[in-house]
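Biologist: I have just opened this protein and would like to learn how to read it. Could you walk me through it?

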Amino acid sequence: MKIFIFIIGLVILLSHSANGSKEVFAHYMVGFAYPSDQNFFDGQIKHAIAAGIDGFALNVGIDDWQPDRVAKFLAAAQNNGNFKLFISFDMSSLTFNNAVLGRFHFAANHPNYFHYNGRPFFSTFAGEFQDSFWVNWKSSSGFNPYFCPSWPNYPTQNFFQNNPVVDCAFTWNAWPAGGAGPLATFDTTGDRNLLASARATGKQYMAPLAPWFYTYVWGPGWHKHWIYSSEILLPQRWQQVVALQPDFIQIITWNDYSEASYVCEISSDLPLDMGGIYDMINRPQPMKHDAWLQLSTHYIQWYKNNARPSVTRDQFYWWYRVHPKNNVVGEIPQYRNDAHDCVVVHTIVRSVSPLGGRYTMEVNLNGSINRYTINQLEQTECIAFPASSGFVTISLIGPDNGVWWSNGNNIPLLGSGNNFNAFANSHSFPSP
């Protein structure tokens with residue numbers, strides 16, 4: 001099955017942060033950082049900077065060791081120029097108590113803490129239906145926080161008019177709703193409502209963007225196992241936010257291995273004390289997502305400059321789950337039917353007529369050969385799984401009808417399994 005995603009026209013809504021630029025952040029799970037030190041954070045920051053990310057939203061929880069990791073993160077940021085951090089209170093972990101939240105207030109005084117219009121920027125994960133608490137927290141903090149919570153269970157229409165305690169809005173609604181079906185188009189109604197409300201009140205909107213969602217993890221007294229339709233989500237959502245031009249973007253997430261939304265390299269912050277996490281991330285082989293960060297670099301620059309970047313390297317990205325959704329071994333994830341059995345290929349090229357000819361992509365799925373022509377500068381295809389499992393090879397046939405490159409360094413498709421995480425890979429070369 002083929003899916004073409006076309007860049008839609010840029011809308012006239014333009015927005016700028018206090019310094020005239022538009023920041024892109026990535027959501028960082030500090031709760032996974034117990035084994036991490038300043039050198040580790042320094043490496044994460046350098047990796048983010050290389051992709052064009054301006055800072056991290058630090059998701060913080062109740063653990064008594066987390067303020068120490070925030071301090072180490074700030075020290076690492078200070079060694080990396082203007083890279084910014086801000087606190088995102090995880091209200092699924094924290095309590096509505098000023099003293100509890102106050103453990104992280106020290107960060108606001110650091111030179112690498114993100115400020116908007118001179119005010120320290122704070123966010124949340126959840127925490128809605130407690131507006132009076134947040135009014136008190138803001139007034140008692142002593143530093144006039146710029147408050148940008150994620151309250152996805154509130155109506156988006158007239159959001160700022162109905163919640164004056166909020167200075168900026170973020171939302172965790174970054175995936176098609178459960179039950180939306182395979183290859184669902186993400187609904188931007190909420191984005192547009194929040195943008196309209198922000199513009200009417202002189203406030204700001206931070207749009208969410210995610211590459212994937214799958215979780216199959218557990219611990220004492222809790223268990224999570226579901227998916228959301230994600231196969232074509234990443235390029236689709238990037239094209240949406242480029243057109244929407246919100247004030248800020250937050251990629252969710254940098255390192256949430258537990259929900260398969262990570263764009264970082266698999267590293268020492270993998271929380272192995274969480275049931276199921278090793279299998280989800282490392283079986284049948286390491287489920288790399290690095291290619292999604294590389295892909296995002298193109299769209300980050302497009303968003304910031306409100307113009308398609310100059311392409312100097314033709315880029316090819318592909319990702320897929322490793323077994324058919326109906327061939328599950330063991331427990332079946334909720335919303336299984338929202339998955340689509342296909343290998344997704346996304347291409348970014350300088351020209352659709354390189355050297356006066358055309359590119360042809362060849363997707364070889366265990367001997368089932370699928371070919372298509374690249375006829376869009378940004379193009380997404382969804383190649384259906386073959387009847388039999390086996391190897392995956394992606395090749396490019398150039399305008400001279402020769403094979404320009406071939407990549408078989410991919411996880412084989414399996415006949416069955418119980419991991420709905422994705423494997424991602426890429427190839428690029430200087431544009432002809």
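Biologist: Which residues of strand 14 are buried on the side opposite Thr 360, Glu 362 and Asn 364?
Modeller: Keep in mind that this is a predicted model. In a regular strand the side chains alternate between the two faces of the sheet. Strand 14 spans residues 360-365, and six of its six residues are buried. With Thr 360, Glu 362 and Asn 364 covered on one side, the buried residues on the other are Met 361, Val 363 and Leu 365.

Biologist: Nice! Which residue of strand 15 stands opposite Leu 365?
Modeller: Strand 14 and strand 15 (residues 368-373) pair in the antiparallel sense, over six bridges. The two strands form a hairpin with two residues between them, where Asn 366 has a positive phi near 55°. Opposite Leu 365 in strand 15 you will find Ser 368.

Biologist: And which residue of strand 17 is the bridge partner of Thr 360?
Modeller: Strand 17 covers residues 392-397 and pairs with strand 14 in the antiparallel sense, again over six bridges. The partner of Thr 360 there is Ile 397.

Biologist: Let's move to a helix. Within what arc do the buried residues of helix 4 fall?
Modeller: An α-helix has 3.6 residues a turn, so residues three or four places apart point the same way. In helix 4 (residues 131-141), the buried residues are Phe 133, Trp 134, Trp 137, Lys 138 and Ser 141. They line one face of the helix, because the view down its axis places them within an arc of 130°.

Biologist: Which exposed residues sit on the face of helix 4 turned away from its buried side?
Modeller: The buried side has cover from elements including strand 3 (84-90), helix 3 (98-102), strand 5 (119-125) and strand 6 (146-148). The face turned away from that side carries the exposed residues Ser 132 and Ser 139.

Biologist: Now for empty space. How many charged residues are in the lining of the largest cavity?
Modeller: Rolling a probe the size of a water molecule over the atoms shows where empty space is left. A search of the whole structure finds two cavities of 30 Å³ or more, and the largest has a volume of about 60 Å³. Its lining includes Trp 151, Phe 159, Thr 171 and Asn 173. The lining divides into eight nonpolar residues, three polar, and, for charged, no residues.

Biologist: How many charged residues line the second largest cavity?
Modeller: This cavity holds about 40 Å³ of space. Among the residues lining it are Trp 212, Ser 230, Glu 231 and Arg 321. The division here is seven nonpolar, one polar and, for charged, two.

Note on methods:
Residues are numbered from 1 along each chain as its sequence is written. This is a predicted model: local features need pLDDT of at least 70, side-chain atom pairs count only at pLDDT 80 or more; totals for chains, interfaces and linings use all residues. Side-chain values use heavy atoms; hydrogens and water are left out. On a 1 Å grid over the protein atoms alone, a cavity is a set of points where a 1.4 Å probe fits but cannot get out, and a pocket is an open set with protein on both sides within 12 Å along at least five of seven lines; lining residues have an atom within 4 Å of a point. Grid points are joined across faces, edges and corners, and a volume is the space filled by probe spheres set on the points. Ala, Val, Leu, Ile, Met, Phe, Trp, Tyr, Cys and Pro count as nonpolar, Asp, Glu, Lys and Arg as charged, and the others, Gly among them, as polar. Buried means under 20% relative accessible area, exposed over 50%, partly exposed in between (1.4 Å probe, protein chains only). Helices (H or I, at least four residues) and strands (E, at least two) are DSSP runs, numbered from the N terminus. The arc is that of the directions from the helix axis to the C-beta atoms. Contact means heavy atoms within 4.5 Å. Two strands pair if DSSP finds at least two bridges between them.
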